[in-house]
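Trainee: Could you take me through a close look at a single part of this model, and then follow how that part connects with its surroundings? I would like the reasoning step by step.

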Amino acid sequence: MNDIFILYDDEYHEIRKILSRLKEESNSRLVFLADRNGQAIAIIGDLDELDSTALASLTAGNVAATDSLAKLLGSKGFHSLFHEGEKENMHISPIGNHIILGVIFDEKTSLGLVRLRVKKASSELSAVFDNIEKKKERGELPSSPPPFSEITDDDIEKLFRGR
């Protein structure tokens, strides 16, 4: 669950196309993809005053809590979550072991339509992430340097000296 994956341009653009189509076809306000660590991957739609970091991390926390509830009930997990609000609703779908798809919608659409379109988008997104895994296994993806590898001890010293 704490695996780090890297998205490259081709896959990122494909993901954005899928999310854009989902937003349009489901008549939703906002569609987003996050990892289970709470990092936003892509967001399509109007955030208004929403904090995207909080949205992604709280959604991941919600999925983690629901997974624990499912285990408590003797289930492997739930396929989707639905939260109904006064003005807006939220549909959340885990995709595989690492990704979460979220859709925020209002009375302009129905839960049935959202579920139908999410099912199709989830399948397409799964294929994209499966393709990334296959590329990684075949060694076709460039290896990435460890985080902060370009920062030297000299850079850190300058930072603390204020230069």
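**Starting from one aromatic ring**

Mentor: In this predicted model, F82 has a relative accessible area of 30%, which makes F82 partly exposed, whereas F105, at 1% relative accessibility, counts as buried. These two residues belong together, for the structure holds one aromatic pair. The ring centres of F82 and F105 are 6.2 Å apart and the ring planes stand at 25°, so the pair is stacked; the cut-off behind that word is an angle under 30 degrees. Because F82 lies in strand β3 (residues 81-84) and F105 in strand β5, the pair ties together parts that are 23 residues apart in sequence.

F105 brings us to the strand that deserves the close look. Strand β5 covers residues 99-105, and because seven of its seven residues are buried, the strand is largely enclosed by the rest of the structure. The burial concerns both faces of β5: one side carries I99, L101, V103 and F105, the other carries I100, G102 and I104, and all of these are buried.

The next matter is which strands pair with β5. β1 pairs with β5 in the antiparallel sense, over six bridges, and within this pairing of β1 and β5, L33 stands opposite L101. Strand β4 (residues 89-95) also pairs with β5 in the antiparallel sense, here over seven bridges, and I95 is the residue that stands opposite I99 in β5. β4 and β5 form a hairpin, with three residues between the two strands, and G96 in that turn has a positive phi of about 65°.

From the strands we can turn to the charged side chains, where the count comes to six salt bridges. One of them joins D67 to R36, with the closest N and O atoms 2.6 Å apart. D67 lies in helix α2 (residues 52-72), while R36 sits in the loop between β1 (30-35) and β2 (40-45), so this pair ties together parts that are 31 residues apart in sequence. R36 has a relative accessible area of 15% and is therefore buried, since the limit for that term is under 20%. Elsewhere, salt bridges that share partners join R29, D48 and E88 into one network.

Two further salt bridges run between helices. K135 forms one with E11, the closest N and O atoms being 2.7 Å apart. Since K135 is in helix α3 (residues 111-137) and E11 in helix α1 (residues 9-26), the pair ties together parts that are 124 residues apart in sequence. K135 is buried at a relative accessible area of 18%, and E11 likewise counts as buried, at 5% relative accessibility.

The other such salt bridge is between E124 and R21, whose closest N and O atoms lie 2.8 Å apart. This pair, too, links distant parts of the chain, with E124 in helix α3 and R21 in helix α1, 103 residues apart. In contrast to the buried K135, E124 counts as partly exposed, at 23% relative accessibility, and R21 is also partly exposed, at 30%.

Put together, the close look at β5 shows a strand whose seven residues are buried, which pairs in the antiparallel sense with β1 and with β4, and which contributes F105 to a stacked pair with F82.

Conventions:
Residues numbered from 1 in each chain as written. Predicted model: local features only at pLDDT ≥ 70, side-chain atom pairs only at ≥ 80, totals over all residues. Heavy atoms only, no water. Salt bridge = Lys/Arg side-chain N within 4 Å of Asp/Glu carboxyl O. Helix = DSSP H or I, 4+ residues; strand = E, 2+ residues; numbered from the N terminus. Buried < 20%, exposed > 50% of the residue type's maximum accessible area, 1.4 Å probe, protein only. Pairing = 2+ DSSP bridges. Phe/Tyr/Trp six-rings, centres within 6.5 Å; stacked < 30°, edge-to-face > 60°.
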